[in-house]
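Trainee: I am new to this structure and would like a close look at a single part, the surroundings of the ligand, before moving outward to other places. Please take me through it slowly.

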Amino acid sequence: MTLAVPPALEALDLRHSFGALTVLHGVSLQVRPGEVVAVTGPSGSGKSTLLHLLGGLDVPDEGQIWWAGERADTLDTQARAVRRAGRVGLVFQHHYLLEDLSVLDNVLIPMRLVGQSDSARAHALLARVGLSGREATFPDVLSGGERQRVAVARALASGPAVVLADEPTGSLDRANATNVAALLVALAREEGAGVLLVTHDDRLAGYADRVLHLLDGRFTDELPVYG
Ligand SMILES: Nc1ncnc2c1ncn2[C@@H]1O[C@H](COP(=O)(O)OP(=O)(O)O)[C@@H](O)[C@H]1O
Ligand SMILES: [Mg+2]
């Protein structure tokens with residue numbers, strides 16, 4: 001008998017408003033381990049809000065969020081931060097590397113947060129993103145593409161169930177964007193992590209197993225069809 005593996009990420013009927021502005025009107029999704037799901041949609045459709053909620057950076061007004069089978073939205077802020085470090089990797093348009101820490105130490109941060117500092121693993125991840133030999137370098141001397149590759153290595157460092165990426169290549173030129181996206185997807189697949197990739201870029205959506213379209217706070221695929 002095999003036990004069912006829980007989804008890497010699951011959201012059930014998320015609703016969220018900022019004051020009078022309702023941004024999410026009931027969004028549900030699942031990402032399976034190793035699956036790459038893209039979310040596209042026009043500016044202002046609620047993509048970043050959705051990603052923040054899924055990553056536990058904010059809590060939804062209504063609905064549920066599950067990380068690898070564990071309910072996340074009901075944890076308090078501190079417990080959520082600890083769980084996030086172990087289960088969720090985040091990549092944003094801006095790299096958010098800590099400038100006073102070396103490349104290696106930046107990759108070790110999520111591992112330290114979960115008490116599993118593994119320098120050999122950090123070296124291996126940096127090698128995998130083409131940054132062998134740059135471990136002692138500081139982020140300010142890296143190119144934009146290199147910084148984003150460090151951010152990708154950091155996102156996978158703790159062995160998360162899912163990586164959430166919000167326009168991760170939005171500030172890169174075409175060649176670097178393709179390279180970073182390909183590395184993110186390849187590395188996540190090797191590690192068995194799911195990926196939720198928010199992007200405007202059709203080429204990036206091309207890396208996904210499934211594409212969901214967000215429009216005015218709803219997935220269009222889930223709109224009811226009236227005869
Ligand atoms: N912290 C916030 N306070 C108020 N309004 C917000 C906040 N964050 C986002 N919004 C609004 O929510 C809507 C969706 O924004 P966002 O999720 O950033 O969309 P997208 O990432 O698809 O461009 C926009 O109208 C935006 O102005
Ligand atoms: Mg956005």
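Which element gives the largest share of the shell around ligand 1, and how many residues come from it?

Mentor: The largest share comes from α1, with three residues. Before going further, keep in mind that this is a predicted model, in which local features need pLDDT of at least 70 and side-chain atom pairs count only at pLDDT 80 or more, while totals for chains, interfaces and linings use all residues. Residues are numbered from 1 along each chain as its sequence is written, chains are lettered from A and ligands numbered from 1 in the order in which they are written, and side-chain values use heavy atoms, with hydrogens and water left out.

The shell around ligand 1 is made of F18, L21, V23, P42, S43, G44, S45, G46, K47, S48 and T49, where a residue belongs if one of its heavy atoms lies within 4 Å of the ligand. Two elements, β2 (21–31) and α1 (47–54), each supply at least two of these residues; such helices (H or I, at least four residues) and strands (E, at least two) are DSSP runs, numbered from the N terminus. By residue type, the shell divides into four nonpolar, six polar and one charged, with Ala, Val, Leu, Ile, Met, Phe, Trp, Tyr, Cys and Pro counted as nonpolar, Asp, Glu, Lys and Arg as charged, and the others, Gly among them, as polar.

Within that shell, several polar contacts, meaning pairs of N or O atoms within 3.5 Å, can be followed one by one. A polar backbone atom of G44 lies 2.7 Å from an oxygen atom of ligand 1, while for S48 the distance from a backbone N or O atom to a ligand oxygen is 2.9 Å, and for G46 the corresponding backbone distance is 3.1 Å. Taken alone, ligand 1 exposes 560 Å², of which the protein buries 56%; these accessible areas come from the Shrake-Rupley method with a 1.4 Å probe.

The helix α1 deserves a second look, since six of its eight residues are buried, so it is largely enclosed by the rest of the structure. Here buried means under 20% relative accessible area, exposed means over 50%, and partly exposed is in between, with a 1.4 Å probe and protein chains only. The buried residues of α1 are K47, T49, L50, L51, L53 and L54, and two of them, K47 and T49, are also named in the shell around ligand 1. Just after α1, G56 takes a positive phi of about 70°.

Moving outward from the ligand, some strand residues show how parts of the chain come together. H16 lies in strand β1 and is buried, with a relative accessible area of 4%, and a polar atom of its side chain is 3.3 Å from the backbone nitrogen of D61; for such pairs within protein, one atom must be able to donate a hydrogen and the other to accept it, and residues adjacent in sequence count only if both atoms are side-chain atoms. Q64, in strand β4, is partly exposed at 25% relative accessibility, and its C-alpha atom is separated by 5.1 Å from that of L12, although the two residues are 52 apart along the chain. A8, in the segment before β1 (9–18), is buried at 3% relative accessible area, and its C-alpha is 20 Å from that of E62, with their positions 54 residues apart in sequence.

Two loop residues have a positive phi of about 50° although neither is a glycine, namely A68 and Y96. A68 sits in the loop between β4 (62–67) and β5 (70–71) and is partly exposed, with a relative accessible area of 29%, whereas Y96, in the loop between β6 and α3, counts as exposed at 51%.

Finally, in helix α5, E146 counts as buried at 16% relative accessibility, and its C-alpha atom lies 8.8 Å from that of N176, which is 30 residues away along the chain.
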